Amino acid sequence: MNTLAWHDGGPGPWILFFPLIWVFAVAAVVTVLRRTVWRGRGGPWQVRSAATGEHSPMAVLGRRFAAGEIDEEEYWRRMSVLEEHFARDPRGPRGGKGGAL
């Protein structure tokens, strides 16, 4: 392999560029995937919670209330149980109270 050798038959300083080329190639692939395929889905490293999304228990309860399947009292009773389970206030960040914090 004399064509790739430095003066005395050893690799030249250009051999250090191969790891850098691989690092840039992997970074480019990850960047392209994050900007295209993983966008909007959260990526493989993020776990989705059952408390979010259109099929969450709170969303289903809201749809049932809007459709008239349950009344307001039943809605708030079930919502308070879900709120305790998912640790989220069903009435929003102010807790249903009017005015400023």
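Reading along the sequence, we meet the pattern α-α-α. That is three helices and zero strands in the protein chain. Please keep in mind that this is a predicted model.

Let me give you the overall numbers before we zoom in. The protein chain has 101 residues, and 12% of them count as buried. The chain exposes about 8,700 Å², with carbon and sulfur atoms supplying 61% of that area. Now take the contacts with a separation of 6 or more: residues 24 or more positions apart account for 21% of them.

Let's go to helix α3, residues 72-86. How far apart are the end C-alpha atoms of α3? They are 20 Å apart, and the 15 residues of α3 at 1.5 Å a residue should span 21 Å, so the two values agree.

Next, which residues of α3 are buried? They are E74, Y75, M79 and L82. These four cover an arc of only 125 degrees around the axis, which means that they sit on the same side of α3. A general point helps here: an α-helix has 3.6 residues a turn, so residues three or four places apart point the same way. If you turn to the other side of α3, you find E73, V81 and E84, which are exposed.

And what do the buried residues of α3 pack against? The partner is α2. That brings us to the largest nonpolar core, which has six residues: M58, L61, I70, Y75, M79 and L82. Two elements, α2 and α3, each give two or more residues to this core. The most comes from α3, with three residues.

I would like to spend the rest of my time on the aromatic residues. How many aromatic pairs are there? The count comes to two. In one of them, the ring centres of F65 and Y75 are 4.6 Å apart and the planes meet at 25 degrees; under 30 degrees counts as stacked, so this pair is stacked. F65 belongs to helix α2, residues 57-67, while Y75 belongs to helix α3, so the pair ties together parts that are ten residues apart in sequence. Looking at the backbone, the C-alpha atoms of F65 and Y75 are separated by 6.4 Å.

Are these two residues buried or exposed, or something in between? Y75 has 13% relative accessibility, and because the cut-off for buried is under 20%, Y75 counts as buried. F65, at 33% relative accessibility, counts as partly exposed.

The other pair involves Y75 again, this time with W76. Their ring centres lie 5.1 Å apart with the planes at 75 degrees; over 60 degrees counts as edge-to-face, so that is what we call this pair. W76 is at 34% relative accessibility and therefore counts as partly exposed. Put together, F65, Y75 and W76 form one aromatic cluster.

Let me finish with the surroundings of Y75 and F65. Setting aside residues up to four places away in sequence, Y75 touches L61, G62, F65 and I70. One of these, L61, is 14 residues from Y75 in sequence, and the C-alpha atoms of the two are 7.1 Å apart in space. For F65, leaving out neighbours within four places in sequence, the contacts are I70, D71, E72 and Y75.

So if you look for one residue on the screen, try Y75. You can find Y75 in helix α3, it is among the six residues of the largest nonpolar core, and it belongs to the aromatic cluster with F65 and W76. Thanks for listening!

Note on methods:
Residues are numbered from 1 along each chain as its sequence is written. This is a predicted model: local features need pLDDT of at least 70, side-chain atom pairs count only at pLDDT 80 or more; totals for chains, interfaces and linings use all residues. Side-chain values use heavy atoms; hydrogens and water are left out. Buried means under 20% relative accessible area, exposed over 50%, partly exposed in between (1.4 Å probe, protein chains only). Contact means heavy atoms within 4.5 Å. Accessible areas come from the Shrake-Rupley method with a 1.4 Å probe; for residues, only the protein chains shown count as cover. Rings of Phe, Tyr and Trp (its six-membered ring) pair if their centres lie within 6.5 Å; planes under 30 degrees apart count as stacked, over 60 as edge-to-face and the rest as tilted. The expected span of a helix is 1.5 Å times one less than its number of residues. The arc is that of the directions from the helix axis to the C-beta atoms. A nonpolar core is a set of buried Ala, Val, Leu, Ile, Met, Phe, Trp, Tyr and Cys residues joined through side-chain atoms within 4.5 Å.
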